[in-house]
Amino acid sequence: MVDRTSREIDRRHVFYPWAAQARIEPVVVTGGAGARFTDDTGASYLDFASQLVHANLGLQHPRLVAAIHRQADRLCTVSPNHATDVKAEAARLIATHAPGELDTVFFTTGGAEAVENAIRLARLHSGRHKILAAYRSYHGATAGAVTATGEPRRWASEPGIPGVVHFFGPYLYRSAFHATTEAEERDRALEHLEQVICFEGPDQVAAILLEPVVGTNGVLVPPDGYLAGVRELCDRYGILLVADEVMVGFGRVGEWFAVDAWNVVPDLLTFAKGVNSGYVPLGGVVLSPAIAASFADHAYPGGLTYSGHPLACAVAAESVRVFEDDDIPARARRLGETVVAPALAKIAAAHPSVGEVRGRGLFWAIELVADRDSRRMLVPYNASGPAAEPMSRVLAACKRRGVWPFTHFNRLQLAPPLIIDEADLAEGLAAVDEALAVADEYVTG
Ligand code: PLP
């Protein structure tokens, strides 16, 4: 047999998501532990992206690996119609930490399916069909979730499902409302949302779907009072609030769930990623008692073969226990406040290419600009190919220094595992600081 490397075989046989197949060169990851992973060339990286913002407990966490082994020895798979001890325990633990009265879990195998089912639940429970979702959002790549998505990844799947309408959320740095303060941005964003509700017909709107802290599209932390204002609008017009916590749930922003930072309780909450750090694919929707009651005597018309998969649930239950034992959300909040925020403030002061830094917990964005005064983005919105080169060079400079962040449009986004130790965090931030010299070369203003 010809001895071909994994790299060659991969390029011959594997089709990658969101990619022009001939233009990508994925690294071949050969191992990892905690906040570091290695590739087949022997290079080692500090994982400042938690893979795809999902490995919240890092790689090869011994307790998670052991939980998979234990469950694999007992029972690897069952019908989703059967109950198991691990499914019950995972649901109980998730419900314990879910906001307010939310206490019933419908399991899926990932985030998009969670959003898909949240849309279905909201429509069936309310008897209404419209879904309001934000621009600058990502909700997944299945039909409904991608239609709700408020960025270019939606475009190729249009027209998508009927009944989805987009609105602008708060984003003071690039305010859609010409606001100059957080309070103004909050009030105007809420006024805008109420107008959208009124123009769409309040009694047509089943749900407002939003990321409580916008993830991929910019780590947009809402002004205080915004989420409470959305909750109030929902209550006033009989609309359900769906919090998409797929990226920001399970400690990412220093709380069990992002809505907890503002004490807002949604009617439905979607999760995935951090629930078990993706060791076995899992997602789900947590339902309010009222919505769950809608399906007490009427069958819920939806399901998945792998719903409540025993391996995934076993590792989710253990993951929640690790979160509890090690107080992971508080740890993320503390590291964000004491290590990341001060380091990024220094970085912002030192680099003319940094327009704004923002974030919470262990989730931060560095927004890069070519001109601070006009706030012109370092690369245009949705840039690709040569137009995106400045960002590709910044990313390459980070990787050369052994740090793996993620980029989206003109932003470097930092989302290290929540178990990262302080020295590694500081080392990664210092490498990012150095790498930003590349972005500074493009500053014209
Ligand atoms: N919702 C949000 C907020 C996300 O960030 C993502 C993925 O990044 C999804 C949904 C989709 O999750 P998945 O890729 O597991 O389908």
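Reader: Hi! Is α5 mostly covered or mostly open?
Author: Mostly covered: 13 of the 16 residues of α5 are buried. Buried means 20 or more other C-beta atoms within 10 Å of a residue's own, exposed means 12 or fewer, and partly exposed lies in between, with C-beta atoms placed from the backbone. Helices (H or I, at least four residues) and strands (E, at least two) are DSSP runs, numbered from the N terminus.

Reader: Thanks! Is this a predicted model, and what are the ground rules?
Author: This is a predicted model, where local features need pLDDT of at least 70 and side-chain atom pairs count only at pLDDT 80 or more, while totals for chains, interfaces and linings use all residues. Residues are numbered from 1 along each chain as its sequence is written.

Reader: Back to α5, then. What should its residues span, and how far apart are its ends?
Author: Helix α5 covers residues 111–126, and at 1.5 Å a residue its 16 residues should span 22 Å; the end C-alpha atoms are 22 Å apart, which agrees. The expected span is 1.5 Å times one less than the number of residues.

Reader: Nice. And what follows α5?
Author: Glycine 127, which has a positive phi near 70°.

Reader: Which element gives the largest share of the shell around the ligand?
Author: That is α5, with three residues. The shell has 15 residues, and Gly110, Gly111, Ala112, Gly140 and Val246 come nearest. A residue is near if its C-beta atom, placed from the backbone, lies within 6 Å.

Reader: Switching topic: any unusual backbone spots? Where is serine 50, for one?
Author: Serine 50 is in helix α2 (residues 50–53). Its phi is near 45°, a positive value in a residue other than glycine. Most residues other than glycine have a negative phi, and most peptide bonds are trans.

Reader: Is serine 50 buried or exposed?
Author: Serine 50 is buried, because 30 other C-beta atoms lie within 10 Å.

Reader: And aspartate 327, buried or exposed?
Author: Aspartate 327 counts as exposed, because it has 12 C-beta neighbours inside 10 Å. Aspartate 327 lies in the loop between α10 (310–326) and α11 (328–350), and its phi is also positive, near 45°.

Reader: Which peptide bond is cis?
Author: The one from glutamate 158 to proline 159, with omega near 15°. Proline 159 is in the loop between α6 (143–148) and β6 (164–167).

Reader: Last one: how many helices and strands does the protein chain have?
Author: The protein chain has 13 helices and 16 strands.
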